[in-house]
Amino acid sequence: MILTRILRCCLVVALAGLALMPDTASGQKRGGTLVMLVQPEPPTLASYLSTSGPIGQVTTKVYEGLLEYDFNLKPIPGLAQSWTVSGDGKTISFKLHKGIKFSDGKPFTSADVKFSVLEVLKKFHPRGAITFRDVVDIETPDEHTAVFKLANPAPYLMMALSGYESPMLPKHLFEGTDIKNNKQANSPVGTGPYKFVEWQRGQFMRFDRNPDYWKKGRPYLDRFVARFVADSATRTAAIEKGEAHVGGFGAIPYSDVKALARLPQIEATTRGYEMQSPIVQLDFNTTRPPFDNQKVRQAVSYAISRKFVIDNVWFGFGKPATGPINSNFAVAGLYTPSVKSYNVPNGVEVANKLLDEAGLRRGPNGIRAEIVHDITPYGEEWQRYGEYVQQVLAEIGIKATLRHEDVPTWLRRIYTDYDFQLTNNWIQTLADPVIGVHRLYHTNSIRPGVVFVNGSRWASPRTDQLMDMATVEPDPAKRGVLYKELQQLVVEAAPLVWVHELQFVTVYNKQFKDLIVSPLGLYAPFDRVHLDK
Amino acid sequence: MRTGTGRFGYVVRRLLQAVPVILAILALNFLLLHLAPGDAAQVLAGEAGSASPEYMAQLRERFGLDHPLWARLLLYVKNMLSLNLGFSFRHNMPVLDLILQRLWPTLLLMGVTLVLSVGAGIVLGLLAASRVGSWRDTLISILALISYATPLFWIGLMLIVVFSLKLDWLPTSGMETVAAFHEGWARVADIARHLVLPAITLSLFYMALYTRLMRAAVLEQAGMDYVATARAKGLSEGRITLTHVLRNAILPVVTMAGVQMGGLLGGSIVVETVFAWPGLGLLAYQSLFARDFNLLMGIFFLSASLVILVNLTVDLLYTFLDPRIQAA
C-alpha cells in the first residue's frame with residue numbers, strides 16, 4: 001500500500017512535470033500509456049485479409065477508414081471530410097482531408113483509396129467481395145477526391161467504411177507485391193494516431209504516438225500497448241492491479257466483471273458494440289429429422305426461456321432477441337419487434353402441444369426423439385448454455401446428447417459436412433443486414449466450406465427476393481418495409497432460435513477518459529483517449 | 001576407452017543415431033496431425049467470423065492444402081533434410097523466426113526451473129533421509145506430497161493472489177513491464193522479478209518428485225556395504241553422506257531430470273498460460289488448435305532434438321559422476 005502511495009506521488013509529480021511542458025491547448029491532456037488486453041493474440045496484423053476481432057482491436061490504431069460512425073449509426077467524417085451520394089445512388093463522391101500523411105511520411109491521396117478498395121479489399125478481404133461487389137470503378141479526378149462508381153445502389157456500403165471493416169492502406173508499400181505475403185502483415189504503416197514499433201510474440205505489441213497525425217494535437221497518449229495473457233483469471237488480476245487498463249470482447253470473463261466493477265478505479269460498460277450486434281442462437285439442420293419440420297423447430301423456440309439463459313449463463317448481460325435482426329438497428333429503421341413471439345411464459349406447454357401436432361408422439365419412456373446437440377467451442381458459457389438446452393429439451397420429450405469438439409472440427413461439421421442436428425452458435429450481425437444477416441438466410445449463402453453462413457440451409461424464394469431488393473434499395477424507409485416482411489417470414493419459419501442479443505462488456509480503468517466514444521468501441525482509433533488529470 | 005577421443009566418438013555416434021529417430025518422429029507426427037479434422041484455412045475464416053468461397057479457396061491454395069497428403073509429406077521431409085523448417089502462413093513468418101523468438105524465454109524458464117527443482121530436491125531429500133522418521137523428515141515428506149498433488153494452475157493463481165494482488169511484491173504476469181520498456185540492467189532486474197512466480201510454480205512439482213526420489217536413493221545407499229566400510233574407517237557421518245552416499249544417490253535424480261525434460265516443456269504450457277510467459281509450450285498448444293502444422297512440426301523437431309541432446313548430456317554426466325560407467 002505504502003509502495004503504491006509512493007508510486008502514486010511519483011506519478012503525480014511526473015504528470016505535473018508533463019503539464020508544465022509548453023504545448024498546444026491540449027497539452028494538459030497529453031501523456032500516458034494505455035495497456036489493452038487483447039485476447040487471443042492475433043496471428044498477424046493483416047486486417048485487410050482477416051476480420052478477426054483481435055486483429056481489428058489493434059490495427060484500427062494504425063489504419064483508418066474513410067468514415068467513422070456515431071451512436072445513431074450515422075456516418076461521420078473520418079479520412080473523408082465530406083461526401084455526396086447521387087440521386088440514383090450509383091455515384092458516391094468522397095472529399096478527403098488535406099495534409100494527411102502515412103507514418104512513413106508519404107502523403108495519403110485518392111490513389112491510395114482506389115488501390116485499397118479495388119486491388120486489396122475487393123479481392124482479398126473476407127467480406128470485401130460482398131461489400132464492394134457493385135463498385136465497378138473509383139475515379140480520382142484529383143488527389144483529394146475519390147468517386148465510387150457503382151453498378152447498383154449499395155446503401156450498406158456507407159456502413160462498411162470504418163478503419164476496422166475497410167482499412168485504407170499505403171499504395172506505395174503494397175503495389176507490385178504479393179498482397180497476401182506483404183510484410184505489412186507484421187509491421188503495418190498507416191495514417192492512424194499510433195505508429196507500430198515492435199511485436200514481442202506471446203507478450204505485447206507496442207505502438208508509439210504518431211507526432212505527425214493529421215488531427216492536430218492528437219493523440220493525447222504517448223503510447224498504446226496491446227498485451228496478451230492467455231489465462232482469464234490472470235487477465236482479471238492484471239486489470240485489478242493496474243498492469244493493464246482495458247479489456248473487452250470477452251477478455252474479462254462475465255463471472256469476473258461484476259466483482260471488478262465494484263472496485264473504485266474500474267468501470268464496466270456494454271456500449272461500443274453497436275456495430276457488432278451479436279445474437280446468441282440455436283441452429284437447426286433443417287434438412288434432417290426431426291428439425292426438418294417447422295412445428296418442431298417452433299416448439300424448441302417456445303421451450304427456451306430467454307430470461308433464464310441471460311440471467312444464469314450470461315450473468316445478466318443480454319437482451320431477449322426477437323428475430324434475425326438485432327434491435328440495435330432500430331435507430332436505422334431496419335428492426336421490427338412485431339413478429340411472432342416465442343418468448344412466452346407457458347413456453348414448455350405450447351411446445352409440447354406443437355410436438356403432438358407435428359406427430360412426434362412420446363414413446364413408452366416419455367421420449368419423442370433422440371438428438372445430438374453440438375456445443376460451439378468458444379468458451380465455457382456455451383457449455384452451460386448447452387446443458388440448459390439439454391434440460392429444456394428433456395422437458396418436451398427430446399433426449400439430447402451433448403457433443404464437444406475443437407474449433408476446426410466443429411466448423412467443418414456445421415459448415416462443410418452439415419453433419420449435425422442442433423448446435424448452439426452466435427453470429428455478429430455487423431453494421432448492416434446485407435453484410436451480417438443475409439448470409440444466414442439466403443439461398444446463395446448455402447456454400448459448403450464457407451464458415452458462418454447459411455448452415456441451417458433453410459431458404460425461400462420470397463425471402464431471397466426481399467433480401468435482393470433490400471440490397472439495392474437506397475431509400476431507408478422502403479428498406480425498413482422490406483426488412484419488416486423479411487423478419488416476419490423468417491421468424492415464422494424458425495430456421496434458428498434467436499435467444500438473446502449478446503452484450504459484450506468493456507472493463508477499463510477510470511483514470512482513462514473518452515475511451516468508448518462511438519459504436520466502433522475498441523475498434524475506434526483511440527485518438528481522443530486521455531488520462532484524467 | 002576413457003580417453004577424450006572415445007567420448008568424442010561416442011557423441012558423434014549418438015548424434016548420427018538421432019537423425020533417423022528424429023525423422024521417424026516427424027513423419028509420424030505429420031501423419032497423426034493430418035488425421036485431425038478441419039484445416040488452417042477453416043480456422044482463419046472461423047476467426048474472421050465470415051468469408052467468401054473465393055477467399056477460402058485462395059487460403060487453401062496459398063497454404064498448399066490443395067495438394068495430396070503424400071506430396072505434402074515428401075515436400076516436408078525434403079525441406080527438413082535441408083534444415084528448412086518452412087513457413088507459418090498463419091503468422092506470415094518463417095517458422096524458424098517464430099521459434100527463435102520464443103526459445104530464450106523457454107530456455108530461461110526451463111533452466112531456472114531445472115536448477116531450482118534439482119537443487120532443492122537434492123538438498124531436501126538428503127535432509128529428510130539423514131534423520132528418517134524425525135519431525136524434519138515428516139515435514140519435508142508432507143511438503144513434497146502437497147506440492148506433488150496440487151494442480152499447477154491453482155498454485156500459480158494462488159501465488160498471484162498472495163504475492164501480487166495482496167502483498168503487491170511481484171507483477172501478476174508477463175515477462176516485462178510493458179508500460180515502462182526498461183533497458184539495460186533495469187530490464188534484467190525487471191525480467192528477474194517477472195520470473196520469480198512462474199519458476200517457483202513450475203519447480204514445486206518437480207522438486208517434490210526429486211525430493212522423494214533422492215530420499216529413497218539415499219536410504220538405499222545408506223544400507224550398502226561401502227557405507228559400513230567407510231564408517232568402520234572412522235569417517236564422520238557428514239563426510240560419508242557428502243562424499244560417498246550423495247554421489248551414488250544422485251544418479252537416479254539426474255536420470256529422471258533428463259527424462260523429465262520433455263515433460264517440462266509440456267508442463268510449462270499451464271505455467272506459461274497462467275503467467276503469460278512467452279514460451280514454446282503455449283505456442284505449440286495454440287498452433288495445434290489453429291491447425292498451423294508447419295509451426296507445430298517445427299516445435300516438435302526442436303523439442304525432440306532438445307530431449308535427445310539433454311539425454312546425451314545426462315549420459316555423459318554419468319561418466320563424470322561415476323567413473324565406473326564408460327561412454328561407449
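How many bridges join strand E8 of chain A to strand E9 of chain A, and do the strands run parallel or antiparallel? In this predicted model, 6 bridges join E8 (residues 194-200) to E9 (residues 204-209), and the strands run antiparallel. A:Gln200 stands opposite A:Phe204 in E9(A). E8(A) and E9(A) form a hairpin, with 3 residues between them. A:Gly202 sits in the turn and has a positive phi of about 85 degrees.

Further backbone features were found in loops of chain A. Most residues other than glycine have a negative phi, and most peptide bonds are trans. A:Leu430 departs from the phi pattern, with a positive value near 60 degrees in a residue other than glycine. A:Leu430 is in the loop between strand E17 (422-428) and helix H13 (433-436) of chain A. A cis peptide bond joins A:Gln39 and A:Pro40, and its omega is about -10 degrees. A:Pro40 belongs to the loop between strand E1 (33-37) and helix H2 (53-59) of chain A. Another cis bond runs from A:Pro289 to A:Pro290, with omega near 0 degrees. The loop that holds A:Pro290 lies between strand E13 (278-284) and helix H8 (294-303) of chain A.

Chain B has 12 helices and 2 strands. From the N terminus, its elements follow the order α-α-α-α-β-β-α-α-α-α-α-α-α-α. Along the principal axes, the C-alpha atoms of chain B fill a box of roughly 85 × 55 × 40 Å. The domain assignment splits chain B into domain 1 (2-94) and domain 2 (103-321). The centres of these two domains, taken over C-alpha atoms, are 30 Å apart. Their contact takes 29 residues from domain 1 of chain B and 23 residues from domain 2 of chain B.

The area buried between domain 1 and domain 2 of chain B is about 2,200 Å². Carbon and sulfur atoms give 73% of that area. Between these domains the count is 1 salt bridge. B:Asp315 forms a salt bridge with B:Arg14, and the closest N and O atoms are 2.6 Å apart. Across the domain interface, 3 residue pairs are in polar contact, with both residues at pLDDT 80 or more. On the domain 1 side, helix H1 (4-33), H2, helix H4 (69-81) and strand E1 (87-88) of chain B each supply at least two residues. H1(B) gives the most to this side, with 13 residues. The domain 1 residues that touch domain 2 of chain B divide into 20 nonpolar, 5 polar and 4 charged.

The interface between the chains was examined next. Here 50 residues of chain B are in contact with 57 residues of chain A. The two chains bury about 4,400 Å² between them, and carbon and sulfur atoms give 55% of this area. B:Gln42, B:Val178 and B:Phe181 supply 14% of the area that chain B buries against chain A, more than any other three residues.

Polar and charged pairs also cross this interface. Between chain B and chain A, 12 residue pairs are in polar contact, both residues being at pLDDT 80 or more. The elements of chain B that give two or more residues to the side touching chain A are helix H2 (40-48), helix H3 (53-63), helix H5 (95-130), helix H7 (152-166), helix H10 (237-275) and helix H11 (280-289). H2(B) gives the most to this side, with 7 residues. The residues of chain B that touch chain A divide into 27 nonpolar, 15 polar and 8 charged.

Side chains of opposite charge can pair when their charged atoms come close. The whole structure holds 34 salt bridges over all chains. The count between chain B and chain A is 3. B:Arg102 forms a salt bridge with A:Glu41, with the closest N and O atoms 3.9 Å apart. A:Lys241 forms a salt bridge with B:Asp168, and here the closest N and O atoms are 3.4 Å apart. This pair crosses between chains. A:Lys241 lies in helix H6 (residues 232-241) of chain A, whereas B:Asp168 lies in the loop between H7 and helix H8 (184-222) of chain B.

Conventions
Residues are numbered from 1 along each chain as its sequence is written. Chains are lettered from A and ligands numbered from 1 in the order in which they are written. This is a predicted model: local features need pLDDT of at least 70, side-chain atom pairs count only at pLDDT 80 or more; totals for chains, interfaces and linings use all residues. Side-chain values use heavy atoms; hydrogens and water are left out. Contact means heavy atoms within 4.5 Å. Buried area is the accessible area (1.4 Å probe) that two parts lose on being put together, summed over both. A salt bridge is a side-chain nitrogen of Lys or Arg within 4 Å of a carboxyl oxygen of Asp or Glu. A polar contact is a pair of N or O atoms within 3.5 Å; within protein, one must be able to donate a hydrogen and the other to accept it, and residues adjacent in sequence count only if both atoms are side-chain atoms. Helices (H or I, at least four residues) and strands (E, at least two) are DSSP runs, numbered from the N terminus. Ala, Val, Leu, Ile, Met, Phe, Trp, Tyr, Cys and Pro count as nonpolar, Asp, Glu, Lys and Arg as charged, and the others, Gly among them, as polar. Domain bounds come from an automatic or database domain assignment. Two strands pair if DSSP finds at least two bridges between them.
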